[in-house]
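Reader: I should like to learn how to read the features of a protein model. May we work through some of them together?

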Amino acid sequence: MSAEFGGRSGRQGKLSQWLRGRRPKQAAVDDGRETLLLAAAGAGLPLAPAAHPAGYRCSCDRVGCPTPARHPVSFAWQTQSTTDHAQIERWARHQPQANFITATGMVHDVLDVPLDAGREALDRLLEAGIEAGPVAESDDGRLLFFTLTRGTPEDEDEWWPCELDCHPETMDEHPGLRWHCRGSYVLVPPARLPGDDDPSVRWVRGLEHPLPDPLSLLEYLTDACARYADGRPDPTGAAWPLRH
């Protein structure tokens with residue numbers, strides 16, 4: 001028996017243990033994450049893996065990470081971002097805790113506004129019969145409007161890189177409207193932020209809505225953000241909540 005244990009059967013047992021260790025961990029609960037990610041890719045949003053919460057911290061090794069669980073895991077995220085379903089399935093199954101980002105400025109841009117201003121603007125857009133497109137809500141108090149990208153106009157003087165408006169690691173400097181275009185990214189639902197067990201970034205209007213022209217939303221969003229910044233009431237007469 002000892003000879004058999006040390007022979008083929010023993011090797012097979014070690015091989016089985018090794019293979020079990022190589023298998024990707026599965027999420028304890030199927031929350032539809034993979035389905036939502038594939039739907040985003042199907043709508044043309046290029047995706048790449050991002051960090052995830054580790055308790056109240058970020059899963060990355062960076063001490064004092066300025067954007068915990070919000071940034072890509074690879075510095076090559078712009079070239080890595082893809083809509084390929086097979087690749088996204090592999091990432092999702094081998095990294096069951098990972099958030100995902102979508103790179104903006106390729107197919108789509110994102111207009112990112114304070115939550116209360118965004119809700120008021122969304123109500124006004126829908127009342128006016130204007131296509132608002134897909135919209136996501138984040139528990140950090142932001143509403144994300146997904147739009148068509150401005151692309152690269154023929155006249156480069158009429159195009160600006162995201163760094164001139166906002167950058168993912170300097171978002172606190174832009175409390176009003178942030179226009180994520182080429183060179184930027186946002187978390188794509190479903191995503192979790194530190195301290196949350198349930199998705200912290202989720203769709204409030206899904207990807208079945210077509211991506212609108214960003215300029216068709218801009219007046220409504222900037223108007224709502226200006227009133228929000230000044231503490232002025234919205235047109236319905238409701239006062240903005242106190243901001244800290």
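Author: Let us begin with charged pairs, bearing in mind that this model is predicted. Side chains of opposite charge can pair when their charged atoms come close. Here, the side chains of R93 and E34 form a salt bridge, with 2.8 Å from N to O.

Reader: Which helices hold R93 and E34?

Author: R93 belongs to helix α5 (residues 85-94) and E34 to helix α3. The two residues are 59 residues apart, and the pair links distant parts of the chain.

Reader: How should I decide whether R93 and E34 are buried, exposed or partly exposed?

Author: One compares the relative accessible area with two cut-offs: under 20% is buried, over 50% is exposed, and values in between are partly exposed. R93 has a relative accessible area of 41%, so R93 is partly exposed. E34, at 23% relative accessibility, is also counted as partly exposed.

Reader: How many salt bridges does a search of the whole structure find?

Author: The search finds twelve. One salt bridge joins E131 and R205, whose closest N and O atoms are 3.0 Å apart. E131 sits in the loop between α6 (115-127) and β6 (135-138), while R205 sits in strand β10 (residues 201-205), so this pair ties together parts 74 residues apart in sequence. As for accessibility, E131 is partly exposed at 32%, whereas R205 counts as buried at 13%.

Reader: What is the distance between the closest N and O atoms of R202 and D139?

Author: In that salt bridge the distance is 2.6 Å. R202 lies in strand β10 and D139 in the loop between β6 and β7 (142-148), so parts that are 63 residues apart in sequence are tied together. Salt bridges with shared partners also join R119, E137, D139 and R202 into one network. Within this network, R202 is partly exposed, with a relative accessible area of 29%, and D139 is partly exposed at 42%.

Reader: Next, I should like to understand a residue's surroundings. Is L45 buried or exposed?

Author: L45 has 0% relative accessibility and therefore counts as buried. L45 is located in the loop between α3 and β1 (47-50). Leaving aside residues up to four places away in sequence, L45 touches A40, T82, T83, T102, H108, F146, V188 and L207. To read such a list, one may set sequence beside space: L45 and T82 are 37 residues apart in sequence, while their C-alpha atoms are 7.8 Å apart.

Reader: What does R33 touch?

Author: R33 lies in helix α3 (residues 33-42). Beyond residues up to four places away in sequence, R33 touches A92, Q95, P96, Q97, A98, F100 and P190. At 12% relative accessibility, R33 counts as buried.

Reader: Finally, how does one describe the packing of two helices?

Author: One may give the angle and distance between the axes, and then the residues that meet. α6 and helix α7 (residues 214-230) pack at about 140 degrees, with axes 9 Å apart. That angle makes α6 oblique to α7, and their crossing is right-handed.

Reader: Which residues meet where α6 contacts α7?

Author: On the α6 side, they are D116, A117, E120, A121, R124 and L125. On the α7 side, they are S216, L217, Y220, L221, D223, A224, C225, R227 and Y228. Sorted by class, this contact has nine nonpolar, one polar and five charged residues.

Notes. Residues numbered from 1 in each chain as written. Predicted model: local features only at pLDDT ≥ 70, side-chain atom pairs only at ≥ 80, totals over all residues. Heavy atoms only, no water. Helix = DSSP H or I, 4+ residues; strand = E, 2+ residues; numbered from the N terminus. Buried < 20%, exposed > 50% of the residue type's maximum accessible area, 1.4 Å probe, protein only. Contact = heavy atoms within 4.5 Å. Salt bridge = Lys/Arg side-chain N within 4 Å of Asp/Glu carboxyl O. Axes fitted to C-alpha atoms, helices over the stretch in contact; angles between N-to-C directions. Parallel < 35°, antiparallel > 145°, perpendicular 65-115°, else oblique. Left-handed = near helix turned anticlockwise from the far one by under 90°. Nonpolar A, V, L, I, M, F, W, Y, C, P; charged D, E, K, R; others polar.
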